[in-house]
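Reader: I'd like a close look at one part of this one, please. Pick a helix, start there, and then tell me what the rest of the fold does around its neighbours.

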Amino acid sequence: RTPPAQALWGMADAADGPHEPQVVDTADCIKMKQVLDDEAMETILQRGGYEQSFLLENVKLSIMAVSCVFALVAQLFPMPFPQSRALLAVCSLTYFALSGVLQFITYVIDRDIIMVTVPLAGARKSEALRVRSQLARFSEWYHLILQRNADGSPEAVARMYVGRYFTAAGQFDSVGFAREVEAHLRRWESGWEGTDERGPPGPKKKKD
C-alpha cells in the first residue's frame with residue numbers, strides 16, 4: 001500500500017512554543033541513537049497513550065541479581081580452601097551459566113527492540129506494540145520499526161535522515177522528531193505497513 005502524503009510529516013513550528021535544544025556530539029553514533037530512541041519511546045508513550053511493559057527487563061534484572069548472589073557466596077562463604085573447591089566450582093559454573101542466559105536474551109531475544117508495550121484493554125498479548133530501531137555505525141539513516149509483538153508480524157518502517165533533526169552544532173530538534181514519530185505511529189495504527197523515507201530537507205528557495 002502507498003503511504004499517506006508527506007504532509008503528515010511536520011517539523012517544529014511556532015505553535016510548539018520555545019524549547020531549549022539538547023546538544024549531542026554528532027560523531028558519537030551510540031549517543032545519537034540513544035537520544036533518538038528515548039525521544040521515540042517518550043512520544044509513543046505520552047502521545048500514543050501506551051504503557052511500557054517491563055517484563056523482560058525484570059527477568060534480566062532477576063538473573064543479574066541471582067548471579068551476584070552466587071558471586072558473593074563464592075567470595076565470602078566462611079570455608080577455607082581447598083575444602084571449598086566444590087562450592088567454588090558450583091558458584092562459578094552457575095555464574096557463567098546465568099551470564100550466558102543473559103547474553104542470549106540480549107542478543108537473540110532483545111536484538112534491536114527498544115520497547116514493548118502492555119496490550120491495550122481487551123487485546124491479546126500478541127497485539128502489544130513492539131518498537132525497534134536501527135542506526136548503523138557511520139550511517140545517516142535512523143530506522144524506526146513498529147509492529148505487533150509477534151515474530152513475523154508486518155512492519156511499518158520509517159527511514160529517517162538524522163540530518164533533519166540535528167544541526168551542524170549537534171542541536172537536536174526534539175519537537176520536530178516527536179511530531180514525525182507520532183505521524184508514523186498513527187499510520188501504523190491505521191493498518192499501514194511498508195517502508196517510508198524521510199530524507200534530507202530540500203534546499204530553501206531564494207526570495208525574489
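**Helices, sheet and salt bridges**

Author: Let's start with helix α2, residues 55–76: it has 22 residues and reaches 32 Å from its first C-alpha to its last, close to the 32 Å expected at 1.5 Å a residue. The expected span is 1.5 Å times one less than the number of residues. Helices here are DSSP runs of H or I with at least four residues, strands are runs of E with at least two, and both are numbered from the N terminus. Before we go on, keep in mind that this is a predicted model, where local features need pLDDT of at least 70 and side-chain atom pairs count only at pLDDT 80 or more, while totals for chains, interfaces and linings use all residues. Residues are numbered from 1 along each chain as its sequence is written, and side-chain values use heavy atoms, with hydrogens and water left out.

Back to α2. Its buried residues are K60, I63 and S67, where buried means under 20% relative accessible area, exposed over 50% and partly exposed in between, with a 1.4 Å probe and protein chains only. Look down the axis and these buried residues fall within an arc of 60°, so they line one face of the helix; the arc is that of the directions from the helix axis to the C-beta atoms. That buried face packs against α3, residues 85–110, with contact meaning heavy atoms within 4.5 Å. Now turn to the face pointing away from the buried side: there you'll find the exposed residues L55, L61, L72 and L76.

Helix α4 tells another story. Of its 16 residues, 12 are buried, so α4 is largely enclosed by the rest of the structure. Among the buried ones are F177, V181, L185 and W188, along with E180, H184 and R187. The cover over them includes α1, β3, β4, β5, β6 (171–172) and β7. As for its length, 16 residues at 1.5 Å each should span 22 Å, and the end C-alpha atoms of α4 are indeed 22 Å apart. After α4 comes G191, with a positive phi near 105°.

Several of those covering strands belong to one sheet. This sheet is open, with five strands in the order β2-β3-β4-β5-β7 and mixed pairing; two strands pair if DSSP finds at least two bridges between them. At its edges sit β2 (113–116) and β7 (194–198), each pairing on one side only. On average, neighbouring strands are turned by 15° against each other, direction ignored. The axes are lines fitted to C-alpha atoms, for helices over the stretch in contact, and angles run from 0 to 180 degrees between N-to-C directions. Helix α4 (174–189) packs on this sheet and touches β3, β4 (141–148), β5 (156–161) and β7, with its direction at about 35° to that of β4. At the β2 edge, β2 and β3 (129–134) pair antiparallel over three bridges, and V116 stands opposite R130 in β3.

Then there's α1, which has 20 residues and reaches 27 Å end to end, C-alpha to C-alpha, close to the 28 Å expected. Its buried residues include M32, L36, D37, M41 and I44, and what covers the buried set includes β1 (22–23), β2, β3, β4, β6 and α4.

Both α1 and α4 also turn up in the salt bridges. A salt bridge here is a side-chain nitrogen of Lys or Arg within 4 Å of a carboxyl oxygen of Asp or Glu, and by that rule there are 13. Within α1, K33 bridges to D37, with the closest N and O atoms 2.7 Å apart. These two are four residues apart in α1 (29–48), about one helical turn. D37 is buried, at a relative accessible area of 8%.

A longer link in sequence comes from R47 and E182, whose side chains meet at 3.0 Å, N to O. R47 is in α1 and E182 in α4, 135 residues apart. Both ends are partly exposed, with R47 at 37% and E182 at 23%.

Over at the sheet, E155 and R132 form a salt bridge at 2.7 Å, N to O. E155 lies in the loop between β4 and β5 and R132 in strand β3, so the pair ties together parts 23 residues apart in sequence. E155 is partly exposed at 34%, whereas R132 is buried at 12%. Finally, salt bridges with shared partners join R47, E182, R186 and E189 into one network.
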